[in-house]
Amino acid sequence: MESLTWALTKEYAMRYSEMGQHPISTIYFGGGTPSILPIALLQDIIDVLPFQAVEEFTIEVNPEDVTLDRARAWLSMGFNRVSMGVQSLVDSELKIIGRRHSAQQAVKAVETLQEAGFENYSLDLIYGLPGQTLKSWEYSLDGVIALNPKHISAYSLTYEPHTRLTAMLKKGDIREASEDETIAYYNLLCSKLRVNGYQHYEISNFAVPGYEAKHNSSYWHDIPYLGLGPSAHSYDGSLRRINPANIKQYLSAIDSGHPAYEMDQENESNHFNDLIITTLRTAEGLQLNRVPQSRLSQLLTDAQPYLKSGHLILSPTHLSIPEHSWLISDSILTSLIQL
C-alpha cells in the first residue's frame, strides 16, 4: 500500500500537465477499493491534488470498510460524495458472488455515512444474480430506495472470462438469468425508481434531479480526463493513455522515473465511434451538431431500421435510444459505428 501510494503521487507530478488548460472540476477515487487504504495513506495522495475548482469529490467504498471514524475522516479530507457497492440486500445472493458484507452491514454502512454527515451517496445494485428472483430483486430495490440515496447505479450481471462465477456457470452449479428474466428485472427497476422520483439519465444510472454524477458525465461528453494508477485510462482530447494492469509493472515504471502508460492515437474514425457509444448511453442522446458532416448521412441511413421500429428517436437536434430499448443498445450501437 505504501509503494502504491508513493507511486500515485509521483505519477500525478509527472502527468498533471496533460490536462493543459482544462480545469479539474471532479475527482473520483475508484476503480477498486480505496476505502481499504489507511487514512494516513489516503491523505498522502489527497495532499498533492488540486482542489481549486473541484465540485464533486467521490470515493468508492465497500460496506465492510465503513466505520464512523473513517467516514468522518473522508468527509474532513474533502470527499463530498460516496459510491458504495451494495449489489443486493439478500444474504444468499451476496454470498454466491463472493461479497464479504451482509445485507445488514450494507444498511448499517449507509446509516453510518449519514451520521458522519454525508448527504450525497450512490448505491450500486446488480440484477440477474444466481438464485435471484423477481421477488428478491424487488426486496433489494425497496430496501435500497428506503435508504434514500441521491443516486442509484444498477447493472445486469455479466459473466467475465476466467472468473469464479464463469467457472461455476460452466460446471452447471449456477444458472444464467434468461432474457425474459433480465427484461423483467430491468422493467421493475425502471418503474420502481421512476415512481420514487429518480430520473433514468443513463443506461445504468438513476438520480434524484440535480444529483447526476458529474464525473461520469464527463466521459459521455468528450471532456478530457486524467487517470492515475494501475489499469487507469486517460484522454486529453486526441490521445488515449492506458496504464498497465499489473501492479509490479506499474510500480517499476514509476520508480524508474517514467510514466507507465501505452498510447493510442485517437483518429477521426475512432472519435466518431466513441461519440456514438458514449452519448447514446444517455437519455440526452447524441447531439447531431457534434457529428462530422462527412458521417452524418451514413449515420442517419444506418439508423433508419431502428427509427422505424421505435428503438431510436430522431429530433431536429438529437438522436437517442428510448428507455425501453436500452437493454438492446449494444446491437443498436454495433449497427451505427462506422469502420
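This report describes a pocket, a surface patch and a set of salt bridges in a predicted model.

**Pocket and surface patch**

The second largest pocket holds about 480 Å³ of space. It is lined by 23 residues, of which Tyr 127, Ser 156, Thr 158, Leu 327 and Asp 330 are the closest to its centre. Strand 5 (151-156), helix 8 (179-195) and helix 13 (329-336) are the elements that each give two or more residues to this lining, and helix 8 gives the most, with 4 residues. By residue class, the lining of the second largest pocket comprises 12 nonpolar, 7 polar and 4 charged residues.

Leu 327 also belongs to a nonpolar surface patch of about 210 Å², which it makes with Ile 183 and Ile 328. Ile 328 lies in the loop between strand 13 (318-320) and helix 13. Because its relative accessible area is 37%, Ile 328 counts as partly exposed.

**Salt bridges**

The model contains 15 salt bridges. The table gives three of them.

| Pair | Closest N to O distance |
|---|---|
| Arg 15 and Glu 18 | 2.8 Å |
| Arg 241 and Asp 236 | 3.1 Å |
| Arg 240 and Glu 266 | 3.2 Å |

The pair Arg 240 and Glu 266 links distant parts of the chain, 26 residues apart: Arg 240 is in strand 9 (residues 239-242), and Glu 266 is in the loop between strand 10 (262-265) and helix 11 (268-279). Glu 266 has a relative accessibility of 10% and therefore counts as buried. Salt bridges with shared partners join Glu 11, Arg 15, Glu 18, Asp 236 and Arg 241 into one network. Within this network, Arg 15 and Glu 18 are both buried. Arg 241 is buried as well, at 10% relative accessibility, whereas Asp 236 is partly exposed, with a relative accessible area of 23%.

Definitions and conventions. Residues are numbered from 1 along each chain as its sequence is written. This is a predicted model: local features need pLDDT of at least 70, side-chain atom pairs count only at pLDDT 80 or more; totals for chains, interfaces and linings use all residues. Side-chain values use heavy atoms; hydrogens and water are left out. On a 1 Å grid over the protein atoms alone, a cavity is a set of points where a 1.4 Å probe fits but cannot get out, and a pocket is an open set with protein on both sides within 12 Å along at least five of seven lines; lining residues have an atom within 4 Å of a point. Grid points are joined across faces, edges and corners, and a volume is the space filled by probe spheres set on the points. Ala, Val, Leu, Ile, Met, Phe, Trp, Tyr, Cys and Pro count as nonpolar, Asp, Glu, Lys and Arg as charged, and the others, Gly among them, as polar. Patches are made of residues with over 30% relative accessible area and no salt bridge: like charges are joined within 9 Å, nonpolar side chains (Val, Leu, Ile, Met, Phe, Trp, Tyr) within 5 Å. Accessible areas come from the Shrake-Rupley method with a 1.4 Å probe; for residues, only the protein chains shown count as cover. A salt bridge is a side-chain nitrogen of Lys or Arg within 4 Å of a carboxyl oxygen of Asp or Glu. Buried means under 20% relative accessible area, exposed over 50%, partly exposed in between (1.4 Å probe, protein chains only).
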